[in-house]
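Me: I have a structure in front of me that is new to me. I would like to go through some of the terms used for it and ask what each one rests on.

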Amino acid sequence: MQRPPAEDFSLKETNPHLGGGKFSGEKLTSTYDLVEQMQYLYVRVVKARDLPSKDVTGSCDPYVEIKLGNYKGTTRHFEKKNNPEWNQVFAFSKDRLQASILEVIVKDKDFVKDDFMGRVWFDLNEVPKRIQPDSPLAPQWYRIEDKNGSKFKGEIMLAVWMGNQADEAFPEAWHSDAAAISGVDGLANIRSKVYLSPKLWYLRVNVIEAQDLIPGDKTRFPEVFVKVILGNQALRTRISTSKTINPMWNEDLMFVVAEPFEEPLVLSVEDRIAPNKEDILGRCAIPLQYVDRRLDNKAVNSKWYTIEKHVVITEGDKKKEVKFSSRLHMRICLEGGYHVLDESTHYSSDLRATAKQLWKSNIGVLELGILSAVGLSPMKTKDGRPTTDAYCVAKYGQKWIRTRTIIDNFTPRWNEQYTWEVFDPCTVLTIGVFDNCHIQGGGDKNGTPRDSRIGKVRIRLSTLETDRVYTHSYPLLVLHPSGVKKMGEIQLAMRFTCASLLNMMHMYSMPLLPKMHYLHPLTISQLDNLRHQATQIVSMRLSRAEPPLRKEVVEYMLDVGSHMWSMRRSKANFFRIMGVLSGIVAVGKWFDQICNWKNPITSVLIHILFTILALYPELILPTIFLYLFLIGIWYYRWRPRHPPHMDTRLSCADNAYPDELDEEFDTFPTSRPNDIARMRYDRLRSIAGRIQTVVGDMATQGERFQSLLSWRDPRATSLFVMFCLLAAVVLYVTPFQVVALLSGFYVLRHPRFRHRLPSVPINFFRRLPARNDCML
């Protein structure tokens, strides 16, 4: 596979005309100031009265046709109504106006041929222009006329004006760009929408013990366990070690649930009487609406729940139902102190706890302008020709946005602007581009329509300077079995506005996750299983919206499957570690040059510095901190001025071998025919996937050390640089022996003086950016 030119995958800075004028570098203040203004001709058809009819009954089935050149838009029709009310809006892009005359034609619906009832003419040169934030233009009555210009008795109420996409009529209007789409469902699938993720909770079920169980076979010791089912989630406890009718477990089971709670918690106590056979000893169902909620790690009161088993006993010719009641002792609570992870931990856009009582005030606002895309690849064929119906999805926090679909266009222009509240700067905004396959056919090999992915962009907010407008063109890259492919470019404008710089700086000393993650942590396997359940719940709930946000879209945005084994990712993480260690290797080579007197002047200076530090050891630490301070100030000249983007070279995507890509895109479990090879291959992939994660985490820690002085996160680097200066000053005036003594006592302090939450330096370090944001 031939490697494409490197410049094809580069980030490009653009100069769009934001807010109707060319961006000058100063902060803009208008409503749609991060997008280019798009002019539209709006026609609002409100209602009609006293319409003429050629029917003997004196009634008609009216509808309105809006005609502008080759574009025709029609309202819905009413049956047997002379005074209909439509209240529909039509929008025609000014760039595609094909005529100077607008016709509004009233017609009577008929099975054979629709009858002409009258029309109204408008000269586009006389149409008024609405300038935001003016109030909506008031509609007025117009007398309709026949084809000869004679006035009819009927009247129609209309409003016609020129506006832009900031008009409140824009989202629900019929657009001339979508003239080929018909039907209510088709139009609903192409309009822009805002979605909200369901509120997710962790449900903790602590199964303690059971009492008075009645096993079916009393000649043997029961092997009892508890199975807990919640929707499509099912977990079970271990088999109780006490082989009695009063077994004990004291085991925690964790589930993910979403408001509103639709399904009850079903528990069944079962006795394993054979390797694949269980006898149900009792069941109970618990509605989640009545479950206790806790916000901290305080103990929850335990309760006894009655479990029942229905048995039919025959006595002669009579049948009666007998209930044997046992009890199950449990603690059940909804955990509001955790953040339910539905995204990859490296790309999380929200780190708040579930309970709103634990939320802190926002620290700023993120504004995103989705301008346009260029050079999109054809995603499907229609009538024998390639086409693409592109739309964008952006996700940050609980808010998902979906732009309108631009029909049959390889250079779509959306120019839509959205806003999010920011509660933590160390979060990631994700923007994906997709092809809408639900309006003009298309689908996978099974015939099921699936929206095709065109590409994705991730932007970490901490890498953005505050109050600066970023305008860049990002490459849309997708990895295929044949290699990495550029699907086009998307042009974005964004601005991160900080409400309080002090509050944002204070966030760097706070734990990354809510307190419960540290006071009562969950295991790695629990988090993996719970994240899988959370993504399934989110995709299911969003697919029930109208129009639905499809499962394939949600899973792509949430990086489902990113933990799977990949030789390419493993190599990329290895090279990341080598990149981190290269700095240590360079220091070693420099020291070797000093020892070998490669540069005599430098060697002499180092000898003098070593002599001073040896004679005055109290100068060692302040000298180190002062040196780091000077390095940080020196690197400020080369601080990054552009946000990070997908890096094919870093991801090892541009030179991956075909067999590696075949392995990466292979199904899991593998589709190889040999059973032994399948078993070994799956085991290898499972183990290597864990190694890959560990190697990636090691690379992340090293890259965070590098980002201390790289100004990748300008606020974090400024905090560290100022700390180095302050530490240097304090250590210059403080005797070294005092510093060493206090440090030793602090490290060896008694456990009662230790805090269970991470310390401020650890919290600061965990918030530093790493290069995993740029990984494909």
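**Cysteines, burial and pockets**

Reply: To begin with, the structure holds zero disulfides. C284, for one, is in no disulfide, and the nearest cysteine sulfur, that of C333, is 16 Å away. The model is a predicted one.

Me: Why is C498 not counted in a disulfide?

Reply: A disulfide needs two cysteine sulfur atoms within 2.5 Å. The closest cysteine sulfur to that of C498 is in C426, 13 Å away, so the two are too far apart for a bond.

Me: What makes C284 buried or exposed?

Reply: Buried means under 20% relative accessible area. C284 has 10%, so C284 is buried. With a relative accessible area of 17%, C498 is buried too.

Me: How many residues of the chain are buried, as a percentage?

Reply: Buried residues make up 47% of the 776 residues in the chain.

Me: What is known of the chain as a whole?

Reply: Its secondary structure comes to 13 helices and 30 strands. The C-alpha atoms fill a box of roughly 105 × 105 × 55 Å along the principal axes. Among contacts between residues at least 6 apart in sequence, 71% join residues at least 24 apart.

Me: Why is D408 called partly exposed, and what is its relative accessible area?

Reply: Partly exposed covers what lies between the limits for buried, under 20%, and exposed, over 50%. D408 has 30%, so D408 is partly exposed. D408 lies in the loop between β25 (399-402) and β26 (413-422), and has a positive phi of about 50° although it is not a glycine.

Me: Which other residue that is not a glycine has a positive phi?

Reply: D559 has a phi near 60°. D559 lies in the loop between α5 and α6 (567-595). At 12% relative accessibility, under the limit of 20%, D559 therefore counts as buried.

Me: Where are cis peptide bonds found, and what is omega there?

Reply: One runs from E259 to P260, with omega near -5°. P260 lies in the loop between β15 (248-258) and β16 (265-274). Another runs from E546 to P547, with omega near 0°, and P547 is in the loop between α4 (524-543) and α5 (551-557).

Me: Which residues of the largest nonpolar core touch the most other members?

Reply: They are Y202, L368, W400, W420, I490 and L492, out of 63 residues in the core. Apart from it lies another core, of 33 residues, among them F92, V104, L158 and I190.

Me: What does L492 touch?

Reply: Leaving out residues up to four places away in sequence, L492 touches L368, G369, I370, L371, I431, I459, Y470, T471, H472 and Y474. A contact here is a pair of heavy atoms within 4.5 Å.

Me: What is the volume of the second largest pocket, and which residues are closest to its centre?

Reply: The volume is about 1100 Å³. Of the 27 lining residues, V587, W590, Y627, L628 and I631 are closest to the centre. The elements that give two or more residues to the lining are α6, α7 (600-615), α8 (620-635) and α10 (675-706). The largest share, eight residues, comes from α6.

Me: How many residues of each class are in that lining?

Reply: The lining of the second largest pocket has 22 nonpolar, five polar and no charged residues. Tyr and Trp count as nonpolar and Gly as polar.

Terms used. Residues numbered from 1 in each chain as written. Predicted model: local features only at pLDDT ≥ 70, side-chain atom pairs only at ≥ 80, totals over all residues. Heavy atoms only, no water. Helix = DSSP H or I, 4+ residues; strand = E, 2+ residues; numbered from the N terminus. Buried < 20%, exposed > 50% of the residue type's maximum accessible area, 1.4 Å probe, protein only. 1 Å grid on protein atoms, 1.4 Å probe; cavity = no way out; pocket = protein on both sides within 12 Å on 5 of 7 lines; lining within 4 Å. Points joined across faces, edges and corners; volume = space filled by probe spheres on them. Core = buried A, V, L, I, M, F, W, Y, C linked by side-chain atoms within 4.5 Å.
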